[in-house]
Amino acid sequence: VQLQASGGGLVQAGGSLRLSCAASGRIFVINDMEWYRQAPGKERESVARVTSGGRTNYADSVKGRFTISRDNAKNTVYLQMNSLKPEDTAVYYCLVELIDIGTMTRRDYWGQGTQVTVSS
């Protein structure tokens, strides 16, 4: 199983970006899909999560600005980020909980991270 994240970049404050993370490989079923971020000198923190049933949760710092969604047919999770602030600057990682066909056990897989930089 592999996760491929994309969509990061440099944007001015107030701008928007859309991150994508696609899972591929011998996947039996995908459960929760989540985005984390890690800013320099800080711990990795959860940003948003979407369950297999479509329920979403957000960190207080991004509520009303970020939207997480998923396309189950494409095994892909998205993070639409609007009204970006300099404090949103971080490396963003996707985390996918899934059952792979090989082991038939539930495991977490991390994407490789994509840099988001918001200039003031």
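**Figure 1. Antiparallel pairing of β4 with β5 and of β5 with β6 in the predicted model.** Strand β5 (residues 45–50) runs antiparallel to β4, and 5 bridges join the two; strands are DSSP runs of E with at least two residues, helices are runs of H or I with at least four residues, and both are numbered from the N terminus. Two strands are taken to pair if DSSP finds at least two bridges between them. Within this pairing, Tyr36 stands opposite Ser46 in β5. The hairpin formed by β4 and β5 has 6 residues between the strands, and Gly41 in the turn has a positive phi of about 75°. On β6 (residues 56–58), β5 pairs in the antiparallel sense over 3 bridges, with Arg49 opposite Asn57 in β6. This second hairpin has 5 residues between β5 and β6, and its turn contains Gly54, with a positive phi of about 95°. The model is predicted, and local features need pLDDT of at least 70, side-chain atom pairs count only at pLDDT 80 or more, and totals for chains, interfaces and linings use all residues. Residues are numbered from 1 along each chain as its sequence is written, and side-chain values use heavy atoms, with hydrogens and water left out.

**Figure 2. Salt bridges at Arg37, and the pair Glu97 and Arg106.** The count of salt bridges comes to 5, each being a side-chain nitrogen of Lys or Arg within 4 Å of a carboxyl oxygen of Asp or Glu. Arg37 forms one of them with Glu45, the closest N and O atoms being 2.7 Å apart. Arg37 is buried, with a relative accessible area of 6%, whereas Glu45 is partly exposed at 35% relative accessibility; buried means under 20% relative accessible area, exposed over 50%, and partly exposed in between (1.4 Å probe, protein chains only). A salt bridge also links Arg37 to Asp88, with the closest N and O atoms 2.9 Å apart. Because Asp88 lies in the loop between β8 and β9 and Arg37 in strand β4 (residues 27–38), this pair ties together parts that are 51 residues apart in sequence. Both Asp88 and Arg37 are buried. Shared partners join Arg37, Glu45, Arg65 and Asp88 into one network of salt bridges. The side chains of Glu97 and Arg106 also meet in a salt bridge, at 4.0 Å from N to O, and Arg106 counts as exposed at 61% relative accessibility.

**Figure 3. The aromatic cluster of Tyr36, Tyr93 and Trp110, with Arg44 over two of its rings.** The count of aromatic pairs comes to 2; rings of Phe, Tyr and Trp (its six-membered ring) pair if their centres lie within 6.5 Å, with planes under 30 degrees apart counted as stacked, over 60 as edge-to-face and the rest as tilted. The ring centres of Tyr93 and Trp110 are 6.4 Å apart and the planes stand at 85°, so this pair is edge-to-face. Tyr93 belongs to strand β9 (residues 90–100) and Trp110 to strand β10 (residues 106–110), so the pair ties together parts that are 17 residues apart in sequence. Tyr93 is buried, with a relative accessible area of 15%, while Trp110 is partly exposed, at 39%. The charged end of Arg44 sits over the ring of Tyr93, 3.7 Å from its centre, and also over the ring of Trp110, 4.7 Å from its centre. A charge is counted as over a ring if NZ of Lys or CZ of Arg is within 6 Å of the ring centre and within 35 degrees of the ring normal.

**Figure 4. The disulfide between Cys21 and Cys94.** The whole structure contains 1 disulfide, defined as a pair of cysteine sulfur atoms within 2.5 Å. Cys21 is joined to Cys94 with an S to S distance of 2.0 Å. The torsion about the S-S bond is about 55°, so the disulfide is right-handed. Distant parts of the chain are linked here, with Cys21 in strand β3 (residues 17–24) and Cys94 in strand β9, 73 residues apart. Cys21 is buried, with a relative accessible area of 1%, and Cys94 is buried at 0%.

**Figure 5. Positive phi at Ser83 and Met104.** Most residues other than glycine have a negative phi. Ser83, in the loop between β8 (76–81) and β9, has a positive phi near 50°. Ser83 is partly exposed at 40% relative accessibility. Met104, in the loop between β9 and β10, has a positive phi of about 55°. At 45% relative accessibility, Met104 is partly exposed.
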